[in-house]
Amino acid sequence: MRQCPFLKFTCILFLFSLMGCVNLEAVSDFSVTSAEALSNYENLSYGFKQHCEERCEFNAIQQSQIKRTLDCDCRTYAQADSVSIKIYNSILGYFTSLGDIAGLDVSGYNLDAVNKPLQEGTFGKVIIQPEQADAYSSISNLLFRASTDVYKRKKIKEYIKEANAPLQLLLDKFSFILGQNLKEELDFKKERLYAFYTELKLNDGLSDFEKVESIASYYDQLLEIDHQQEKLEIYAASLKEIAMAHQELYDKRSALSTDVLKQEMSNYGSALRDMGTAFKKLKE
Amino acid sequence: MAKLTSKQANELSGHFLGLAQAIGNFRYNNWDALSKKENKVLGNFQWSILNYGEDILALSTNLVLDEVETSLTQIENITTDIKSTIETISDIPKGINVAAAIVTLGAAIISTNQQAIVDSIKGIADAWNT
């Protein structure tokens with residue numbers, strides 16, 4: 001049986017049009033939500049250097065020292081902050097770019113500008129009829145948009161594949177730095193306060209009123225540290241959530257536009273937003 | 001000797017905290033039994049151990065840098081690649097407009113219309129600069 005060439009062509013066109021409608025919303029939304037969750041780093045309002053400076057101030061108070069300037073050597077701590085910032089910027093940069101490329105809208109791209117001069121004249125012996133020009137224009141626009149979209153999708157798949165291993169390590173280390181190291185610095189701060197106020201109490205030099213005042217002050221500070229630690233815990237948990245979601249993207253990179261993946265990414269997004277709300281509440 | 005890892009440093013710091021707490025508890029439990037001098041010496045140990053433990057946590061963070069150096073470079077390179085792809089894709093409409101302007105110039109040259117040629121050249125410049 002002789003196949004109709006027109007039918008063949010229509011089928012090819014249909015396939016291209018399907019590819020042209022590739023929906024990368026899952027990648028785009030997840031990247032944007034991840035970038036937002038990551039940027040809470042700037043709202044942590046605590047860092048290694050600050051911890052060192054506060055310790056220095058506390059030590060001076062504890063030793064009843066009055067100095068013209070607090071001479072604190074916080075270089076190691078400042079370096080720890082710069083390591084954190086370096087990792088933070090690197091991860092944030094990746095997600096921002098991934099969101100940008102996945103969200104890049106190519107649906108408005110068309111070849112009308114090229115088609116127009118073609119429609120206006122005669123080219124050698126070829127005379128283009130208006131209806132031929134219209135058909136040519138529609139098909140070429142469709143194929144052009146589809147190929148641009150396919151190119152974009154192919155590149156995104158490649159980027160997710162290449163980025164996954166280093167990104168997992170960076171997220172894990174970033175979570176370790178904040179959720180363990182910085183959080184545990186605060187355990188030392190708690191211990192320092194406990195030691196200070198216990199000694200104050202045991203020295204028995206305070207009146208009853210002063211004792212009550214100092215105990216109240218101790219618990220206020222303890223509560224503040226607890227909140228700070230909770231913020232760090234939430235932030236570290238959100239980094240783990242981002243890592244799991246990216247792993248999911250990596251595992252399913254060949255089916256980036258499926259509804260299943262979209263649903264999974266949406267679940268991760270909801271979890272990240274919930275963590276963001278909990279983080280904000282602690283901030284207030 | 002093997003290099004200390006960030007994780008090992010973190011664990012070490014936990015031991016320092018535990019040690020400082022133990023010395024503290026010993027001091028508080030024996031507050032009246034200890035002489036002033038003994039108490040001061042123990043107190044100084046306690047504060048020094050706390051300081052060292054904190055310093056080790058900062059050091060642990062700095063050790064992370066060596067452990068992630070390759071990953072940092074890889075992610076930064078990928079980010080640069082993505083940006084350049086975005087630029088390429090975003091430049092497509094501009095490329096089309098330039099191509100169209102060149103086609104128009106070609107047609108104008110064939111028609112030998114002076115004004116059309118001048119306008120087309122201007123068209124290319126415009127398309128390039130937008």
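Two residues are taken to be in contact here if their C-beta atoms, placed from the backbone, lie within 7 Å. With that in mind, and remembering that this is a predicted model, the tour can begin with both chains on display.

Select chain A and colour it by confidence: the mean pLDDT of chain A is 86, and 84% of its residues reach 70 or more. Residues 13-21 of chain A call for caution, since the pLDDT over this stretch is below 50, although the model gives the stretch 14 contacts beyond near neighbours in sequence.

Next, switch to a cartoon of chain A, in which eight helices and two strands can be found. Followed from the N terminus, the elements of chain A run α-α-α-α-α-β-β-α-α-α. Of the 284 residues of chain A, 30% count as buried, and among the contacts in chain A with a separation of 6 or more, 87% are between residues 24 or more positions apart.

Now select residues 25-38 of chain A, which form helix H2, together with H4(A), residues 75-102. The axes of H2(A) and H4(A) come within 8 Å and cross at roughly 150°, which means that H2(A) is roughly antiparallel to H4(A). The crossing in which H2(A) passes H4(A) is left-handed. To see the side chains involved, show Val27(A), Ser28(A), Ser31(A), Val32(A), Ser34(A), Ala35(A) and Leu38(A) on H2(A), which meet a set on H4(A) that includes Ile91(A), Phe95(A), Gly99(A) and Ala102(A). By class, this contact of H2(A) with H4(A) has nine nonpolar and five polar residues, with no charged residues.

Keep H4(A) selected and add residues 36-111 of chain B, which form helix H2 of that chain. H4(A) and H2(B) pack with their axes 8 Å apart, at an angle of about 25°, so H4(A) is roughly parallel to H2(B). The crossing of H4(A) and H2(B) is left-handed, and the residues of their contact divide into 17 nonpolar, ten polar and five charged.

Finally, widen the selection to the whole contact between the chains, to which chain A gives 50 residues and chain B gives 45 residues. On the side of chain A that touches chain B, at least two residues come from each of H3 (48-62), H4 (75-102), H5 (112-120) and H6 (130-202). Which helix supplies the largest share of this side of chain A? The largest share comes from H6(A), with 24 residues. Coloured by class, the side of chain A that touches chain B shows 26 nonpolar, eleven polar and 13 charged residues.

Conventions:
Residues numbered from 1 in each chain as written. Chains lettered and ligands numbered in written order. Predicted model: local features only at pLDDT ≥ 70, side-chain atom pairs only at ≥ 80, totals over all residues. Helix = DSSP H or I, 4+ residues; strand = E, 2+ residues; numbered from the N terminus. Nonpolar A, V, L, I, M, F, W, Y, C, P; charged D, E, K, R; others polar. Axes fitted to C-alpha atoms, helices over the stretch in contact; angles between N-to-C directions. Parallel < 35°, antiparallel > 145°, perpendicular 65-115°, else oblique. Left-handed = near helix turned anticlockwise from the far one by under 90°. pLDDT = per-residue confidence, 0-100. Buried ≥ 20, exposed ≤ 12 C-beta atoms within 10 Å, placed from the backbone.
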